[in-house]
Every structure is written in structure tokens, then in C-alpha cells.
Amino acid sequence: MSEAARSLLQRWGASFRKGTDFDSWGQLVEAIDEYQILARHLQKEAQSQPNNSEFTEDQKKTLAKIATCLELRSAALQSTQSQEEFKLEDLKKLEPILKNILSYNKEFPFDVQPVPPRKILAPGEEEDLEFEEDEEEGGAGAGSPDAFPARIPGTLLPRLPSEPGMTLLTLKIEKIGLKDAGQCIDPYITVSVKDLNGIDLTPVQDTPVASRKEDTYVHFNVDIEIQKHVEKLTKGAAIFFEFKHYKPKKRFTSTKCFAFMEMDEIKPGPIVIELYKKPTDFKRKKLQLLTKKPLYLHLHQTLHKE
């Protein structure tokens, strides 16, 4: 088993147990959140290209079916009149399957089919759809059978172990200024570290959904641990922040704007950085400011050095 596959399975297993624990304790809101977050991760893996995945096509089909069961359990917890509820005992039967997905070769215990997940568009892909927003009133909306409630994951990672002479960076995302802040549904920020060619240098992380919206600000107050020592980041690297929100009419999560920090801006204390129009330009060649108004992404940097 590769290190990447082992890491994914450990993370998914922990999330699965967290959800069933909340479920058994009667903490239904927390259980639903956990189930839907995990379902999204599994669906995303199931849809990945063969050369971009740690799993075979059969294993990905099993992951997609587990995701369907998580959504069924989630729906059962939200329903007061479900005739054929998907029970917690049923869901628990899937934990060993998920844990041993690489060697699992039996028939799946429930007759379910993978459900198409909510589409998450690549940066810029939403451009072609923006103009249709006001025209489509009668199409499939949030009430359609295959439209699940908007749930966004937090995929934040812990701080790396310290190394002598090396610096680690913690970025607190405090708030972002937007003229229509109050209208954003399920807003969150995707944080990535890219080289000059737009290649990831660290794992991509998503914040949880914003803690509150107030006037022209969306507040996060969440710490991001950059997953590489500052000294090991390549010359010309930058940290990107993509602000995303859910569009119920289209049933996809769209990038609204982005910001970035370059290496010479890494220093302790507060910093405000400018916002740019989508699509996200990881190579930083064609940048357009989002607005002339004094609206920015507000961060606070903490450096940790042994």
C-alpha cells in the first residue's frame, strides 16, 4: 500500500468513526455534517482519473457506493417520515469495507448505486455558466431528488513537526471583504502553495464554512498550517487563497475570487492582500483586481522556529 493510500484510508476511517459516534450519541447535526463531508471526499476520489488515483476502478465503485450510503443515512437523520430508513447498524457494517478497501473483493452488502455528487468546477470552468444564472428559473434546483444539501468540508491539516533551524508558518484567515458578503452561501477558502508553474508544493486545504457574515465581511478566524518549512519552499512560490461559495440554482460550488501571498511577504503579524477576479491564475501572469473598493483578505501570520 502506498503512503498516499494509507494516509487517505486513515483519514476516511477517522471521519467515518467520528460520524457514527456522533450518530450514536444523538448529536445529529454533527453526524450529518461528518457523513456529508466524508461522502464528498469519497465521491471525489471515485470520479478521479485512473492516473490520478491510488485506487482501481472497482475500488472506486465501492467508494462511491459507501458515499451513497452515507448520504442515505444523512437523509434518514433529517427525515421524520422515512419509510425505509438507512439505519446506523447498517452503516457500521461498511467501516471494515472502507478500512480494507484495497483487499475487499466481496459483493457490496447493500443494493445501492453511486449518486452523482454536486459538481465542483475547476477554476474558470464556471465562466461559461455565469450568464445563465438569471435565465433558468424552471430547471432542477435545490429541491431536486439528486440535489443534496450544501455541505463543505474542512480539510485542515495539523502543524508539521518542528526541525532545528527550520521555520513553520501558521496563517490565521481572519476575514475577507466583499460587497455582497451576506449573499454568499456556504463560503469557504481553499488554500494551496504553488510554484511558478502552478504546481502544488503542499497538500491543498479547505477551511470549514465561514463562521459568520457581517456587513461587507465574511469571517473565518481559522488557522492554516502550511505543510512545508518556509526554507524548503522553492523560489517564486506563492500561497493562494480561493474564495468559494455554493450556487443553488446551478448546484455547483464556484470560485468567486482569489488572493495570493508571495515569499517576501512572509513576516510575523497582520497582513491584508488584494483580491483578484477569477479564474484563478496560479502562474500570476494575467491578474485583474476584483474591485477598486478597499476590500481585502485579512490574515495574521505566526512564524515558529526551533
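What follows is a short round of questions and answers on a predicted model.

Q: What is the mean pLDDT of the protein, and what share of its residues reach 70 or more?
A: The mean pLDDT is 82, and 84% of the residues reach 70 or more.

Q: Where does pLDDT stay under 50?
A: That happens over residues 117-152. The model still has 71 contacts there beyond four places in sequence. Where pLDDT is low, though, the predicted coordinates should not be read in detail.

Q: Why are α2 and α3 called roughly antiparallel?
A: Look at the crossing angle: the axes of helix α2 (residues 28-46) and helix α3 (residues 57-78) cross at roughly 155°. Angles over 145 degrees count as roughly antiparallel, and therefore α2 and α3 earn that label. Their axes come within 8 Å, and α2 passes α3 in a left-handed crossing.

Q: Which residues make the contact of α2 with α3?
A: On the α2 side they include Leu-28, Ile-32, Tyr-35, Leu-38 and Leu-42. From α3 come, among them, Leu-63, Ile-66, Leu-70, Arg-73 and Leu-77. By class, the residues of this contact divide into 14 nonpolar, four polar and four charged.

Q: What makes α1 roughly antiparallel to α2?
A: Again, it's the angle: helix α1 (residues 3-25) and α2 pack at about 155°, with their axes 8 Å apart. The cut-off for roughly antiparallel is over 145 degrees, so α1 is roughly antiparallel to α2. The crossing of α1 and α2 is left-handed.

Q: Which residues does α1 bring to its contact with α2, and which does α2 bring?
A: Among the α1 residues are Leu-8, Trp-12, Phe-16, Lys-18 and Phe-22. The α2 residues include Leu-28, Glu-34, Tyr-35, Leu-38 and His-41. The contact has nine nonpolar, four polar and five charged residues.

Q: What is the strand order in the open sheet, and why are β5 and β9 called edge strands?
A: The five strands run in the order β5-β6-β2-β11-β9, with antiparallel pairing. β5 (212-214) and β9 (269-274) are the edge strands, each pairing on one side only. From one strand to the next, the twist averages 25°.

Q: How do you know that β5 and β6 pair?
A: Count the bridges: β5 and strand β6 (residues 217-225) pair in the antiparallel sense over three of them. Two strands need at least two bridges to pair, so three will do. In β6, Val-218 is the bridge partner of Lys-213.

Q: What joins β11 to β2 and to β9?
A: Strand β2 (residues 167-177) and β11 pair in the antiparallel sense over nine bridges, with Leu-169 standing opposite Leu-303 in β11. Six bridges join β9 to β11, and these strands also run antiparallel. There, Val-272 stands opposite His-298 in β11.

Q: What makes the bond between Lys-278 and Pro-279 cis, and where is Pro-279 found?
A: Omega is about 0° for this cis peptide bond. Pro-279 is found in the loop between β10 (276-277) and β11 (296-305). Most peptide bonds are trans.

Q: What is notable about phi of Asp-186, and where is this residue found?
A: Phi of Asp-186 is near 50°, a positive value in a residue other than glycine. Most residues other than glycine have a negative phi. Asp-186 is found in strand β3 (residues 185-194).

Definitions and conventions:
Residues are numbered from 1 along each chain as its sequence is written. This is a predicted model: local features need pLDDT of at least 70, side-chain atom pairs count only at pLDDT 80 or more; totals for chains, interfaces and linings use all residues. Side-chain values use heavy atoms; hydrogens and water are left out. pLDDT is the predictor's confidence in each residue, from 0 to 100. Contact means heavy atoms within 4.5 Å. Axes are lines fitted to C-alpha atoms, for helices over the stretch in contact, and angles run from 0 to 180 degrees between N-to-C directions. Helices (H or I, at least four residues) and strands (E, at least two) are DSSP runs, numbered from the N terminus. Angles under 35 degrees count as roughly parallel, over 145 as roughly antiparallel, 65 to 115 as roughly perpendicular and the rest as oblique. A crossing is left-handed if the near helix is turned anticlockwise from the far one by less than a right angle, and right-handed if clockwise. Ala, Val, Leu, Ile, Met, Phe, Trp, Tyr, Cys and Pro count as nonpolar, Asp, Glu, Lys and Arg as charged, and the others, Gly among them, as polar.
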